[in-house]
Amino acid sequence: LSDRLDNVTWSNNHLALVLEPELEEWLWHSQQAILTHLDIQQTEMNQWLLDWAKGKPLQQLLQQQPKEAFEQVVSRKKDRKPQPRDFEKIASKASLVAWRNSASFHKLVTTLQSWFPAE
């Protein structure tokens, strides 16, 4: 896709970014924002996630199935699926520095910084 864009736009002035696994992966890099938004304790969330993981490595599941993990936590606390306002509120509390530990978030930020350098 990037090669095709290079042929029709200014070379290197675009970004085709696939969020893999999903956008929810960013959330797990700033768990405090999730805890604050849902008004739960780390131990409570960890127990819910461990119950959901059924013996599988939790950190691996958070990386491979971040959406499902987030849905599990919201469902346990709110008895519903995540809604757009959940993402908005979590993002307003999240650590953008911590989110840079996500490869896709880091790529997005560094690309934007190269396009719009600080003066």
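D86 is a buried residue, with a relative accessible area of 0%. In this predicted model, the side chain of D86 meets that of R80 in a salt bridge, with 2.7 Å from N to O. Because buried means under 20% relative accessible area, D86 falls in that class with its value of 0%.

The pair of D86 and R80 belongs to a short list: a search of the whole structure finds two salt bridges. In the other, the side chains of D51 and R76 meet, at 4.0 Å from N to O. D51 lies in helix α4, which covers residues 42-53, and R76 lies in helix α6, which covers residues 66-78, so this salt bridge ties together parts that are 25 residues apart in sequence. D51 has 38% relative accessibility and counts as partly exposed. R76 also counts as partly exposed, at 40% relative accessibility.

Another acidic residue to look at is E25. It is found in helix α2, residues 24-27. What is the nearest side chain of opposite charge to E25, and how far away is it? It is R100, at 12 Å, and E25 has no salt bridge although it is buried. A salt bridge requires a side-chain nitrogen of Lys or Arg within 4 Å of a carboxyl oxygen of Asp or Glu. Apart from neighbours within four places in sequence, E25 is in contact with P66, S102 and S104.

From single residues the view can widen to the charges as a group. The protein has 14 positive and 15 negative charges, and the mean positions of the two sets are 5 Å apart.

The helices named above are part of a fold that has nine helices and zero strands. Read along the sequence, the pattern is therefore α-α-α-α-α-α-α-α-α, in which helices are counted as DSSP runs from the N terminus. Of the contacts between residues at least 6 apart in sequence, 60% join residues that are at least 24 apart.

The overall dimensions come next. Taken along the principal axes, the C-alpha atoms fill a box of roughly 50 × 30 × 25 Å. The radius of gyration of the protein is 17 Å, whereas a compact globule of 119 residues would have one near 14 Å.

How much of the protein is buried? Buried residues make up 32% of the 119 residues. The accessible surface comes to about 8000 Å², and carbon and sulfur atoms account for 50% of that surface.

Notes. Residues numbered from 1 in each chain as written. Predicted model: local features only at pLDDT ≥ 70, side-chain atom pairs only at ≥ 80, totals over all residues. Heavy atoms only, no water. Helix = DSSP H or I, 4+ residues; strand = E, 2+ residues; numbered from the N terminus. Rg over C-alpha atoms; globule rule 2.2 N^0.38 Å. Buried < 20%, exposed > 50% of the residue type's maximum accessible area, 1.4 Å probe, protein only. Contact = heavy atoms within 4.5 Å. Areas by Shrake-Rupley, 256 points an atom, 1.4 Å probe, with all protein chains shown as cover. Lys, Arg positive; Asp, Glu negative; His and termini not counted. Charge placed at Lys NZ, Arg CZ, Asp CG, Glu CD.
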